[in-house]
Amino acid sequence: MADKSDYRITTAAGAGATDALSMQTAGAKTKYAVDTSLFDALVDQASGAADSKQPAKTSTRALKQRLLQPDDDDIVFLSDMLDRRLTEGQGEAVVEIGYDVTGADMGLKNDEVGTVTETLTNAAQAPEVNAFVQLLFDSAAPAEDAQEVTYARQLGDAAKTKSRAKNSGAATQTRVLQYLVRRRPANVEEMLELRVAVAGNVDAGKSTMLGVLTRGRLDDGRGKMRVALFRHKHEIESGRTSSVGMEILGFDKINGAPVRHTDARRKVGWDQVCSRSSKMVTFLDLAGHEKYLKTTVFGIAGSAPDYLMLMIAANAGLAGMAKEHLGLALALNIPVFVVITKIDMCPPNVLDTTLKQLTRVLRSSGCRKLPIAVSDRKSVVMAASRFVSQRVCPIFQVSNVTGEGVDSLQTFINILPMSRPVVAATGNVAPTDSALPVSEMSSPTSAGDSTTDGEADETLRYDINEIFTVPFVGTVVSGVVSSGRVRLGDTVWLGPDFNGKFTTTTVRGIQRKRADVQTGHRGQSVSLALKKITRAQVRKGMVILGKDEQNTMPHASRTFEAEVVVLYHSTTITMRYQAMVHCGAVRQTARVLSIVPTDSKEDIGQNDTLRTGDRAKVIFQFVRHPEHIAVGSRLIFREGRTKGVGKVLRVLNPAEESQAVHAATKGTMVFNPRTEKMKAEALRHRNASLRGNA
């Protein structure tokens with residue numbers, strides 16, 4: 001058996017130490033080039049770290065012999081290797097071949113590439129692997145090969161790709177092959193899923209970009225492809241998104257080709273797209289106008305996206321709400337990649353100014369990102385494999401009219417790694433060495449629970465962010481399974497209501513992307529049909545919790561303690577300050593009851609006030625009704641634009657809540673749930689009477 005260093009594999013979930021990556025000046029659209037030597041060093045370090053964890057194997061056959069002249073033992077060896085790497089990569093991995101055991105060039109020839117691909121395909125077809133192999137990049141391939149123009153041919157003759165200059169010394173470089181290996185799911189429950197939030201300033205081309213990606217056709221320059229994504233009549237009339245839209249893009253089980261639910265010839269249902277796909281990408285189309293910021297914040301915080309695609313118009317730059325959306329992603333630790341649109345209509349000097357401004361902001365002390373310009377297939381693969389570190393920020397330049405750069409963006413989205421644990425066919429969570437998943441920030445668990453304990457040992461928590469009434473079905477809720485799993489027929493808790501109580505209900509149906517499933521696993525976005533529940537009994541921000549053996553009703557509270565950091569505030573924040581709090585799917589106004597500074601500044605300790613940049617432990621109290629908040633959840637509080645971010649430390653019980661209210665009011669008021677309920681009812685009747693008189 002050969003030593004593991006015979007091959008190089010970069011898993012989709014692997015995270016390597018990232019050095020400083022520089023961007024070179026060479027013109028407007030190709031101004032920033034990728035430092036390939038630094039990327040090669042990162043690949044070496046990541047491969048060596050992963051290989052050192054596996055036991056060494058010895059054999060007289062080198063990897064090149066196994067690939068070019070395989071026997072049955074070689075196929076078994078390669079199958080075991082792929083199976084192990086797919087398990088580490090949560091179902092997918094990027095395999096790099098080009099070096100032997102000593103690190104020397106394998107010297108692969110043109111006629112040997114097909115043999116290597118066939119051998120890997122045969123190894124991936126083993127029953128224990130059940131995966132497909134797709135060649136992503138060949139360092140010796142022409143600059144414009146069949147793979148590079150695949151998307152252009154799909155879009156039509158109007159889409160033309162521009163040839164890129166090759167390195168003059170490419171003939172003497174090592175020939176490197178990079179393959180995408182991905183398991184074929186047995187059913188929709190095992191399908192990989194990524195959630196990508198699409199944000200940016202108004203008129204940046206967000207909906208048009210999604211229309212081009214999910215429809216497979218180019219735009220006419222007047223927003224033709226965005227119309228199908230709008231949900232309301234006023235959106236079509238104004239051309240601006242005002243709600244959280246959703247679109248899907250699948251990649252099939254054969255060779256990773258795109259699977260769209262609509263094209264020029266026919267329409268395909270979402271359930272059919274899921275049955276044909278090995279990986280599903282869900283795009284969340286967010287509003288870009290400032291007056292819809294509340295909706296955008298709810299979409300980012302409540303939908304638990306894995307990544308955020310920040311759209312920037314080349315002729316406008318990083319302006320308006322784009323900076324606000326970038327700050328939200330940084331506050332929630334969501335990895336960001338940037339797409340610069342409208343490059344076909346932007347003068348080179350304006351594009352150059354936009355790139356300079358974007359680079360300056362990303363490298364600032366507030367962002368601490370490493371911007372990388374992605375221009376060819378090699379940089380796409382390298383950026384995607386390093387993107388899991390969250391410090392790398394790929395930058396794409398695309399045109400929805402000419403199709404330039406769209407193929408690179410689609411390939412990047414296809415090979416984006418999973419940022420959270422997924423469920424394998426056995427029902428256990430696949431192991432991973434990555435950090436705490438981004439999607440679990442809204443309702444986190446410990447790192448040990450996410451990697452060692454099975455989801456069957458966790459208590460179900462399902463956050464509701466959408467509510468529907470379906471004819472002949474009843475009330476249907478949509479959301480994300482934060483922990484545990486939900487099965488068809490389970491009896492669960494639904495709540496809290498306006499009085500903080502929970503109701504018992506039964507799950508009568510489960511759908512994932514409109515396809516019927518039996519189980520919803522952790523990290524998946526599913527829809528649940530609830531039995532004997534009316535539309536008026538459910539609201540956004542409620543949760544569905546699993547029942548324990550004692551059948552104890554969960555506790556909801558109006559007060560919680562959080563450690564916060566003030567990002568920006570024009571004056572000072574004191575006790576009784578009110579702001580809108582976003583914590584996962586929860587969105588409600590809360591007041592500040594107490595401030596305990598954690599900084600060493602003397603003036604904060606004396607005045608109990610917070611200014612821009614200050615850090616403190618703050619007790620919040622919801623103004624309207626109790627909520628079920630998970631300890632460790634990330635929160636955003638704002639008054640207009642974002643004011644601060646924080647993390648929930650603990651939820652106060654009724655006795656602690658009464659003491660906090662007593663201390664905040666200096667003994668003039670003691671919290672009484674019955675009194676608060678009576679006040680809320682009186683206010684509701686007063687507002688109803690005012691509306692009747694009007």
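## The R650–E561 pair

R650 is partly exposed in this predicted model, with a relative accessible area of 33%. The value falls between the two limits of 20% and 50%, so the residue is classed neither as buried nor as exposed. The side chain of R650 meets that of E561 in a salt bridge, with an N to O distance of 2.5 Å. The two residues belong to distant parts of the chain: R650 sits in strand β27 (residues 641-651) and E561 in strand β22 (residues 559-566), 89 residues apart.

The acidic partner is placed in another accessibility class: E561 counts as buried, because its relative accessibility of 13% is under 20%.

## The E92–R182 pair

A search of the whole structure finds 19 salt bridges. One of them joins the side chains of E92 and R182, with 3.0 Å from N to O. E92 lies in strand β2 (residues 92-97) and R182 in strand β4 (residues 177-183), so this pair ties together parts that are 90 residues apart in sequence.

E92 is buried, at 0% relative accessibility. R182 likewise counts as buried, and its relative accessibility is also 0%.

## K513, E193 and their network

A further salt bridge forms between the side chains of K513 and E193, where the N to O distance is 2.8 Å. K513 is in the loop between β17 and β18 (515-516), while E193 is in strand β5 (residues 192-200), so the pair ties together parts that are 320 residues apart in sequence. K513 has 8% relative accessibility and counts as buried. E193 is buried as well, at 1%.

K513 and E193 also belong to a wider arrangement. Salt bridges with shared partners connect E193, R195, R512 and K513 into one network.

## E235, a buried acid without a salt bridge

E235 is placed in helix α7 (residues 233-238). The residue is buried but has no salt bridge. The nearest side chain of opposite charge is that of R231, 6.4 Å away. That distance exceeds the 4 Å limit for a salt bridge, so R231 does not qualify as a partner.

What does the side chain of E235 have 2.8 Å from one of its polar atoms? The backbone nitrogen of S242 lies at that distance. S242 is also among the residues that E235 touches, leaving aside those up to four places away in sequence; the others are F230, R240, T241 and S243.

## Backbone features in loops

The peptide bond from G495 to P496 is cis, with omega near -5°. P496 belongs to the loop between β16 (491-495) and β17 (503-512).

Two residues other than glycine have a positive phi: N130, where phi is near 50°, and A304, where phi is likewise near 50°. N130 is in the loop that runs between α4 (110-124) and β3 (131-138), and A304 is in the loop between α9 (293-302) and β9 (307-313). Is each of these residues buried or partly exposed? N130 is partly exposed at 35% relative accessibility, whereas A304 is buried at 7%.

## Cysteines

How many disulfides does the structure hold? The count is 0. C274 is buried, with 2% relative accessible area. C583 also counts as buried, at 7%. Both values are under the 20% limit, so both cysteines fall in the buried class.

## The chain as a whole

The chain has 17 helices and 27 strands. Of its 694 residues, 54% are buried. The accessible surface comes to about 29,600 Å², and carbon and sulfur atoms account for 50% of that area.

Among contacts in the chain with a separation of 6 or more, 73% are between residues 24 or more positions apart. The salt bridges described above include pairs that span 89, 90 and 320 residues.

Conventions: Residues are numbered from 1 along each chain as its sequence is written. This is a predicted model: local features need pLDDT of at least 70, side-chain atom pairs count only at pLDDT 80 or more; totals for chains, interfaces and linings use all residues. Side-chain values use heavy atoms; hydrogens and water are left out. A disulfide is a pair of cysteine sulfur atoms within 2.5 Å. Buried means under 20% relative accessible area, exposed over 50%, partly exposed in between (1.4 Å probe, protein chains only). Helices (H or I, at least four residues) and strands (E, at least two) are DSSP runs, numbered from the N terminus. Contact means heavy atoms within 4.5 Å. Accessible areas come from the Shrake-Rupley method with a 1.4 Å probe; for residues, only the protein chains shown count as cover. Lys and Arg count as positive and Asp and Glu as negative; His and the chain ends are not counted. A polar contact is a pair of N or O atoms within 3.5 Å; within protein, one must be able to donate a hydrogen and the other to accept it, and residues adjacent in sequence count only if both atoms are side-chain atoms.
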